[in-house]
Amino acid sequence: MTVATDLRTLAERGAAELEGASAQDVLRWADRHLDRFAVAASMQDTVLVHLASQVVPGIDVLFLDTGYHFPQTLQTRDEVARQYDVTVRDLTARQTVAEQDASYGARLHDRDPDLCCTLRKTHPLDEAVDTYDGWATGLRRAESATRALTPVVTFDERRERIKLAPLAAWSDEQVAAYVDEHDVIMNPLLSQGYPSIGCEPCTRRVLAGEDARAGRWSGTGKTECGIHS
């Protein structure tokens with residue numbers, strides 16, 4: 001059997017066992033069954049990072065440093081690295097922003113946001129995840145209609161790795177309660193009209209009555225960066 005076949009079989013078993021399990025138990029399962037395991041975090045919020053630091057101290061946290069982040073997001077990353085028992089790994093694109101501008105023209109994110117996300121997010125994450133058996137994401141079903149069917153455990157077919165979403169079933173109220181109980185480090189932009197935070201050029205404040213992710217790639221029809229497809 002190949003490594004991919006073994007991991008696929010393990011993912012299928014985990015999916016059956018862990019639907020309905022606590023987020024802590026999902027992380028314990030991963031720590032028990034996977035030789036190398038990481039958490040991906042955008043530093044929009046750090047609930048999953050905090051939780052993982054309690055269950056798997058020293059765990060690798062993968063941060064996609066696109067070169068376009070808000071200063072507040074980078075500050076949140078730095079605070080997490082200082083205060084939590086995790087190892088933050090900054091993942092960068094093969095080209096700097098200046099080099100990408102020279103190759104594709106300035107402000108590629110305005111003209112072809114899909115390509116910009118592919119170059120600065122998807123490819124770096126693909127390369128990093130290839131060194132692990134599995135990775136966890138903070139995706140939650142309550143975040144948007146496109147995430148409503150997020151599985152707790154699945155086999156990431158494109159990367160041939162196990163993918164976990166320990167917080168998949170958490171409501172917004174559960175997240176808020178966890179933040180309050182544990183005084184979790186949070187990106188200050190969340191309280192400034194940005195319920196969903198990505199790269200600065202492609203994120204705006206959300207207006208009253210809009211979907212929480214309406215400020216991402218506003219006016220383009222794009223709803224996801226592509227790392228979860």
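Select Gln-100 and Arg-120 and show their side chains. The two side chains make a polar contact, at 2.9 Å. This is a predicted model. Gln-100 sits in helix H5, which covers residues 97-104. Is Gln-100 buried or exposed? Gln-100 counts as buried, because its relative accessibility is 1% and the cut-off for buried is under 20%.

Stay with H5 and follow the chain onward to Arg-107. Arg-107 is in the loop between H5 and helix H6, residues 108-111. Check the backbone here. Phi of Arg-107 is positive, near 55°, and the residue is not a glycine. Arg-107 is partly exposed, with a relative accessible area of 46%.

Next, select strand S1, residues 37-40. Show the side chains. Which residues point which way? Phe-37 and Val-39 point one way, while Ala-38 and Ala-40 point the other. All of them are buried. The general pattern is that side chains in a regular strand alternate between the two faces of the sheet.

Now add the neighbours of S1.

- Select strand S4, residues 134-136. S4 runs parallel to S1, and 3 bridges join them. Look for Gly-134 in S4: Phe-37 stands opposite.
- Select strand S2, residues 59-64. S2 also pairs with S1 in the parallel sense, over 3 bridges. Ala-40 has Leu-62 of S2 as its bridge partner.

Trace the route from S1 to S2. The chain passes through helix H3, residues 47-55, and this β-α-β crossover is right-handed.

Pause on the loop between S1 and H3 and select Met-43, which is found there. Met-43 has a positive phi of about 65°, although it is not a glycine. How does Met-43 compare with the cut-off for burial? Met-43 is buried, with a relative accessible area of 0%.

Move on to H3. How many of its 9 residues are buried? The answer is 8, so the helix is mostly covered. Colour the buried ones: Val-47, Leu-48, Val-49, His-50, Leu-51, Ala-52, Ser-53 and Val-55.

Now turn on a surface and look for the largest pocket. About 900 Å³ of space lies in it. Its lining counts 44 residues, and those closest to its centre are Ser-42, Gln-44, Asp-45, Glu-143 and Arg-147. Select these five to place the view. Which elements give two or more residues to the lining? They are S1, H3, S2 and helix H8, residues 172-182. H8 gives the most, with 4 residues. Colour the pocket lining by class: 25 residues are nonpolar, 10 polar and 9 charged.

Last stop: the interior. A search of the whole structure finds 1 cavity of 30 Å³ or more. The largest cavity has a volume of about 110 Å³. To find it, select Cys-116, Cys-117, Lys-121, Cys-199 and Cys-202, which lie nearest its centre among the 15 lining residues. Then select helix H7, residues 113-129. H7 supplies the largest share of the cavity lining, 5 residues. By class, the lining of this cavity divides into 8 nonpolar, 4 polar and 3 charged residues.

Methods. Residues numbered from 1 in each chain as written. Predicted model: local features only at pLDDT ≥ 70, side-chain atom pairs only at ≥ 80, totals over all residues. Heavy atoms only, no water. Buried < 20%, exposed > 50% of the residue type's maximum accessible area, 1.4 Å probe, protein only. Pairing = 2+ DSSP bridges. Right-handed = clockwise from strand over helix to strand, strands pointing away. 1 Å grid on protein atoms, 1.4 Å probe; cavity = no way out; pocket = protein on both sides within 12 Å on 5 of 7 lines; lining within 4 Å. Points joined across faces, edges and corners; volume = space filled by probe spheres on them. Nonpolar A, V, L, I, M, F, W, Y, C, P; charged D, E, K, R; others polar. Polar contact = N/O pair within 3.5 Å; in protein donor to acceptor, adjacent residues only side chain to side chain.
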